[in-house]
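Thanks for making the time this morning. I would like to take you through one model, beginning with how its chains meet and then moving inward, so please have the viewer open.

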There are 2 protein chains.
Amino acid sequence: MNNKPQTLKGFRDFLPSSMRVRNHVKDVLVSVFQNYGFQPLETPTLEYASTLTGKYGEDADKLVYTFKDKGDREVGLRYDLTVPAAKVLAIYQNDISLPFKRYQIQSVWRADKPQKGRYREFTQCDIDIYGTSSPLAEAELVAIIYQVLNKLNFKKFQIKLNSRTVLYQILELSGIKDGQSSVLQSLDKFDKIGKEGVTKELISKGLEASTIDTLFKYIKEAQPDETLKAVLDAVSLLGVPKEFYSFSPTLVRGLDYYTGPIIETSVEEPKIGSIGGGGRYDTLVKTLGGPDLPATGYAFGFDRLVDVIEELNLLPQLKENNTKVMFANFDPNTLNDSLKLLQELRDNSIASIIYPDNDKLGKQFKYADANSIKYVALIGSDEAKNNLVTVKNMSTGNQETFKQSELINYLSQN
Amino acid sequence: MNNKPQTLKGFRDFLPSSMRVRNHVKDVLVSVFQNYGFQPLETPTLEYASTLTGKYGEDADKLVYTFKDKGDREVGLRYDLTVPAAKVLAIYQNDISLPFKRYQIQSVWRADKPQKGRYREFTQCDIDIYGTSSPLAEAELVAIIYQVLNKLNFKKFQIKLNSRTVLYQILELSGIKDGQSSVLQSLDKFDKIGKEGVTKELISKGLEASTIDTLFKYIKEAQPDETLKAVLDAVSLLGVPKEFYSFSPTLVRGLDYYTGPIIETSVEEPKIGSIGGGGRYDTLVKTLGGPDLPATGYAFGFDRLVDVIEELNLLPQLKENNTKVMFANFDPNTLNDSLKLLQELRDNSIASIIYPDNDKLGKQFKYADANSIKYVALIGSDEAKNNLVTVKNMSTGNQETFKQSELINYLSQN
């Protein structure tokens with residue numbers, strides 16, 4: 001082996017420092033999901049290609065990794081989590097009691113052009129509620145979004161809500177009957193290009209200036225419909241502070257399959273845009289091969305959350321190795337004492353290691369430093385004789401000697 | 001979509017009840033790994049096919065899922081975690097300080113014939129220590145195995161240790177110079193087919209009966225070499241009780257690449273055999289395209305652990321949904337009171353839900369039952385007026401009415 005192996009473009013190796021952030025984000029998501037009664041689900045990486053393709057249009061189909069397996073079956077790599085969940089609902093109808101609240105956090109693959117923030121393998125994190133049309137379902141989603149972002153230390157974000165019903169009513173009132181989808185697509189860019197940009201685009205699409213004026217008038221006057229009002233009321237009762245969510249009549253969400261309330265979350269500082277979205281899709285599950293069930297859901301942009309946390313340094317404590325103590329290895333005669341005390345720390349859930357080789361102490365200290373391990377413990381012959389241990393704090397350089405029996409107490413407080 | 005979608009043979013959908021066990025096993029593994037100073041690593045699902053093949057022989061190569069991606073690159077699905085880790089060590093040498101203790105828990109894929117307990121997609125869980133030849137490294141592995149199995153409620157298991165050095169010395173002393181690998185392969189079956197079976201096989205391979213007698217004499221008299229003795233001593237100091245590990249001179253471990261101490265764990269009740277194995281492989285990392293580093297590691301049979309726990313019902317509490325309370329939804333006038341109290345429970349980390357629809361109460365109780373939710377909370381107009389809540393214990397059928405402010409206290413104690 002002379003050629004150094006390479007990682008494929010669009011794919012990532014996650015070294016421990018990245019993994020710590022990713023694991024923390026995942027832990028927070030899962031703990032909130034479970035607290036709100038969502039249940040875990042996982043589906044295979046490979047599915048019959050026919051399960052995956054022909055669902056979201058030709059453009060999407062081109063991005064599905066498909067190939068013939070060794071049994072000559074046409075198979076494909078999971079493209080999203082919505083289609084496999086619909087498959088599960090179809091196959092296990094008798095094992096699942098409705099309403100079914102499930103979360104699913106798994107990798108998906110898209111044979112897309114890699115670019116900053118866009119990968120060929122990335123993590124999706126979906127929560128969905130199947131089998132109920134109640135507005136309480138959407139309210140739960142919003143409450144979860146708030147809880148997750150709050151626990152991840154996000155300070156400036158906005159959960160925007162609208163409803164397809166409201167949007168179609170606005171179009172109706174404005175007298176726009178043809179090309180409704182195209183108008184909505186332009187409106188969807190409101191946040192990015194502003195009222196002026198949207199107007200320009202609608203004029204180029206052939207709308208009269210007066211119609212556009214009417215459109216914006218009705219947008220300005222728009223109120224949540226009955227369902228969305230019920231959602232917003234419940235969101236408030238579920239403890240989400242007013243400043244974190246709002247009715248946003250220009251919110252459209254790209255996909256055609258939404259049938260009711262829609263949700264999108266954006267981070268305002270820095271202006272990185274959407275970090276997740278969702279909404280009600282009462283006809284999609286059946287279209288995808290599942291049973292005829294109303295459904296609503298939300299997808300967290302997992303990789304985006306991780307990127308924001310790393311960029312804004314929202315969780316500085318994750319930079320540190322969770323290993324708190326390293327025992328130096330410098331005297332074979334006291335090794336046994338070190339091992340015993342090491343195990344005591346571990347038994348008290350203080351993550352710790354022993355440097356495995358009897359290398360020069362300078363090298364060992366360097367290793368502790370490079371791995372951001374806060375304390376180095378030393379037991380030499382003097383310490384061993386008197387059941388003592390010397391502890392060096394690697395950030396301050398301070399060194400103290402304790403009774404071994406006091407070490408756990410000291411470390412628990414520091 | 002008229003055809004019901006199907007899951008590919010050898011692949012699995014994990015519904016919530018399985019996921020709960022899998023997640024618990026993973027949580028236990030990770031918490032022990034971290035307590036012992038191991039760091040997380042993850043690598044991509046797809047690699048260049050050339051990274052994956054030509055490493056473990058032709059038979060293994062046939063089992064690698066390979067295909068041409070849309071850019072006409074020959075790629076393959078991760079076959080194990082050892083090769084990708086060697087790749088990481090090669091690429092990120094400057095970012096990793098040695099010794100490097102990493103854990104990796106990810107799916108791997110093998111185009112193998114599916115059968116009971118053998119899947120085409122399954123989870124591997126590897127811990128490895130790169131960059132040290134110290135016997136403390138193996139001792140750490142053994143301590144971790146004990147901790148994990150103990151925390152998973154395993155009662156009867158045995159961690160067997162041997163060393164390639166011991167085995168080759170036994171062969172040497174017995175005068176066996178030719179076909180050493182073949183003899184070791186037969187010896188490896190000692191646990192399954194006994195002394196008699198091994199003898200039969202060795203005779204069929206052309207060994208003299210007297211040579212076989214000598215072989216078994218030396219096996220009986222075998223002692224750990226210096227390194228293995230150091231491992232065993234450290235294991236004891238790291239708190240592993242004597243009855244859970246032993247020197248086992250008939251332990252061979254199939255693979256050719258081991259160079260020193262070897263480890264295998266088996267469950268004795270029920271006799272399901274190996275649930276994990278590993279050992280020292282000081283030359284393999286380089287062979288696989290990584291740097292020239294001594295290494296030792298252990299792989300937990302993740303799916304086997306899960307199977308044993310489910311078969312022996314070792315963790316009965318996991319069968320229960322972690323959702324503790326369901327608020328019934330039967331009076332629109334008191335819905336707000338229910339939502340407020342629901343959120344209070346969640347704020348106190350008591351996982352709880354509200355039934356989203358105003359269905360018949362019987363249906364709602366059935367739902368709580370089907371989902372093993374222990375308590376159903378009811379706030380009717382009488383309760384709401386007096387800040388009360390009625391709680392029905394679904395296992396006993398008992399029903400009590402409390403002040404709402406007392407509910408959290410009650411649930412925390414029950």
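What you have on screen is a predicted model, and I will start where the two chains meet: 98 residues of chain A are in contact with 98 residues of chain B. The size of an interface is often given as the accessible area lost when the parts come together. For chain A and chain B that area is about 7,900 Å², and carbon and sulfur atoms account for 59% of it.

Turning to the polar side of this interface, 36 residue pairs are in polar contact between chain A and chain B, counting pairs in which both residues have pLDDT 80 or more. On the side of chain A that touches chain B, helix 13, residues 335–347, gives the most, with 8 residues. The rule also finds 4 salt bridges across the interface of chain A and chain B, and one of them can be picked out by name, since K87(A) forms a salt bridge with D13(B), with 2.8 Å between the closest N and O atoms.

A residue I would ask you to centre on is S134(B), which sits in the loop between strand 6 and helix 5 of chain B. Is S134(B) buried or exposed? With a relative accessibility of 6%, it falls under the 20% cut-off and therefore counts as buried. Its side chain has two polar partners to look at: the backbone oxygen of P356(A), reached at 2.9 Å, and the backbone nitrogen of L136(B), reached at 3.0 Å. If we set aside the neighbours of S134(B) within four places in sequence, the residues in contact with S134(B) are P356(A), D357(A) and R280(B).

From that loop we can move into the sheet of chain B. This is an open sheet of 8 strands, in the order 1-5-6-11-10-9-7-8, and its pairing is mixed. At the edges are strand 1, residues 39–40, and strand 8, residues 245–247, of chain B, each of which pairs on one side only.

Within that order, strand 5 of chain B pairs with strand 6, residues 121–130, of the chain in the antiparallel sense, over 10 bridges. If you want a single pair to click on, C125(B), in strand 6 of chain B, is the bridge partner of I105(B).

Strand 9 of chain B deserves a slower look. How many of the residues of strand 9 of chain B are buried? The count is 7 of its 7 residues, and the strand is described as mostly covered. Both of its faces are covered, with P261(B), I263(B), T265(B) and V267(B) buried on one side, and I262(B), E264(B) and S266(B) buried on the other.

As for the partners of this strand, 7 bridges join strand 7 of chain B to strand 9 of chain B in an antiparallel arrangement, and in that strand V267(B) has F157(B) standing opposite. Strand 9 and strand 10 of chain B also run antiparallel, joined by 6 bridges, with I263(B) opposite G278(B) in strand 10; a hairpin of 5 residues connects strand 9 to strand 10 of chain B.

Helix 5 of chain B, residues 135–151, lies across strands 5, 6, 7, 9, 10 and 11 of chain B, and it runs at about 15° to strand 11 of that chain.

Finally, a few backbone angles that you may wish to inspect yourselves. Most residues other than glycine have a negative phi, and most peptide bonds are trans. Here a cis peptide bond joins L98(A) and P99(A), with omega about 0°, and P99(A) is in the loop between helix 4 and strand 5 of chain A. In chain B, a cis peptide bond joins L98(B) and P99(B), where omega is about -5°, and P99(B) lies in the loop between helix 4 and strand 5 of chain B.

On positive phi, N153(A) has a value near 75° and is placed in the loop between helix 5 and strand 7 of chain A; at 30% relative accessibility, N153(A) counts as partly exposed. S372(A), with phi near 45°, is found in the loop between helix 14 and strand 14 of chain A, and its relative accessibility of 29% makes S372(A) count as partly exposed.

Notes
Residues are numbered from 1 along each chain as its sequence is written. Chains are lettered from A and ligands numbered from 1 in the order in which they are written. This is a predicted model: local features need pLDDT of at least 70, side-chain atom pairs count only at pLDDT 80 or more; totals for chains, interfaces and linings use all residues. Side-chain values use heavy atoms; hydrogens and water are left out. Helices (H or I, at least four residues) and strands (E, at least two) are DSSP runs, numbered from the N terminus. Buried means under 20% relative accessible area, exposed over 50%, partly exposed in between (1.4 Å probe, protein chains only). Two strands pair if DSSP finds at least two bridges between them. Contact means heavy atoms within 4.5 Å. Axes are lines fitted to C-alpha atoms, for helices over the stretch in contact, and angles run from 0 to 180 degrees between N-to-C directions. Buried area is the accessible area (1.4 Å probe) that two parts lose on being put together, summed over both. A salt bridge is a side-chain nitrogen of Lys or Arg within 4 Å of a carboxyl oxygen of Asp or Glu. A polar contact is a pair of N or O atoms within 3.5 Å; within protein, one must be able to donate a hydrogen and the other to accept it, and residues adjacent in sequence count only if both atoms are side-chain atoms.
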